[in-house]
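Student: I have a new protein chain to go through. Could we take it piece by piece?

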Amino acid sequence: MFYPMSDWFWFSENSQLMLSMGKDWQCTTAYGQKQITDLPKAQQLFNLSDTECYMFLADQLNASARHSSDAQLTHILINATAATMFHKPVTPKSWFLDEIESFGFHHRLARVVNKFSSGVVLVLTDESHLATCMLISSKLLLTESKILRQFDLIKVAKNRLEPLLLETSSQLTA
């Protein structure tokens, strides 16, 4: 996983939000002009709030025992930070997903399910009865013709989130 550095900055290219991670690395986020509140017109420093968000989510994902390569984890964290800091608000769309009896999330990860497919989401914001989530899975079919793609956001009622409990090798056995 890459850790934020003082030379990181946000910028836009071809109406797409980008992150420069020093002179040798750049990351194109999943978010373009239509999804972003204010696309940076010039270089915008990756500031303390961005770093706090990135590191909080990194701690949560690392604690979850989810197996991802450093590159995958960094890509998830950059898109999650970009979504948290720049994405326009999204409206609730709970009706696309099945209600879960024992609902919640674990280390900000949850599974969402409907009759078409299931996927893993990262909870970005947690409000009283709603959660804004970013899809980590490659895609999630919402209907026969509507697809949520990796890093797309969806706001849902919390009773649509099934805690994602991953088994770890350090669990105690009898």
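**Aromatic pairs**

Tutor: The structure holds 8 aromatic pairs. Rings of Phe, Tyr and Trp (its six-membered ring) pair if their centres lie within 6.5 Å; planes under 30 degrees apart count as stacked, over 60 as edge-to-face and the rest as tilted. This is a predicted model: local features need pLDDT of at least 70, side-chain atom pairs count only at pLDDT 80 or more, and totals for chains, interfaces and linings use all residues. Residues are numbered from 1 along each chain as its sequence is written, and side-chain values use heavy atoms, with hydrogens and water left out.

Student: What kind of pair do the rings of W10 and F86 make?

Tutor: Their centres are 5.1 Å apart. Their planes stand at 75°, so the pair is edge-to-face.

Student: Which elements hold W10 and F86?

Tutor: Helices (H or I, at least four residues) and strands (E, at least two) are DSSP runs, numbered from the N terminus. The W10 and F86 pair ties together parts that are 76 residues apart in sequence. W10 lies in strand β1 (residues 8-13), and F86 in helix α2 (residues 70-86).

Student: Are W10 and F86 buried or exposed?

Tutor: Buried means under 20% relative accessible area, exposed over 50%, partly exposed in between (1.4 Å probe, protein chains only). W10 and F86 are both buried.

Student: What kind of pair do the rings of W95 and F96 make?

Tutor: The ring centres of W95 and F96 are 5.5 Å apart. Their planes meet at 40°, so the pair is tilted.

Student: Is W95 buried or exposed?

Tutor: Its partner F96 has a relative accessible area of 13%, so F96 is buried. W95 has 61%, so W95 is exposed.

Student: Which residues do ring pairs link into a cluster?

Tutor: W10 and F86 are already known as an edge-to-face pair. Ring pairs link them into a cluster, whose members are W8, W10, F46, Y54 and F86.

**Sheets**

Student: What is the strand order in the open sheet of 4 strands?

Tutor: Two strands pair if DSSP finds at least two bridges between them. Pairing in this sheet is antiparallel. The order is β3-β2-β1-β4.

Student: Which strands stand at the edges of that sheet?

Tutor: An edge strand here has a single partner strand, so one side of it is left without a neighbour in the sheet. The two are β3 (26-32) and β4 (44-45).

Student: In β3, what is the bridge partner of Q16?

Tutor: Strand β2 (residues 16-21) and β3 pair in the antiparallel sense over 4 bridges. The partner of Q16 in β3 is G32.

Student: What is the order of the open sheet with 5 strands?

Tutor: The pairing is antiparallel here too. Its edge strands, β10 and β11, each pair on one side only. The order is β10-β7-β6-β5-β11.

Student: Why is strand β5 largely enclosed by the rest of the structure?

Tutor: Strand β5 covers residues 109-113. It is largely enclosed because the buried residues number 4 of the 5.

Student: How many residues are in the hairpin that joins β5 to β6?

Tutor: β5 and strand β6 (residues 118-126) pair in the antiparallel sense over 5 bridges. One bridge has A110 opposite V121, and another has V113 opposite S118. The hairpin joins β5 to β6 through 4 residues.

Student: In β11, what is the bridge partner of R111?

Tutor: β5 also pairs with strand β11 (residues 162-163), in the antiparallel sense over 2 bridges. The partner of R111 in β11 is E162.

**Cysteines**

Student: What does the count of disulfides come to?

Tutor: A disulfide is a pair of cysteine sulfur atoms within 2.5 Å. The sulfur of C27 is 14 Å from the closest cysteine sulfur, in C53, so that is too far for a bond. The sulfur of C133 is also 14 Å from its closest, again in C53, too far for a bond. The count is 0.

Student: Is C133 buried or exposed?

Tutor: C27 counts as buried, at 8% relative accessibility. C133 has a relative accessible area of 0%, so C133 is buried.
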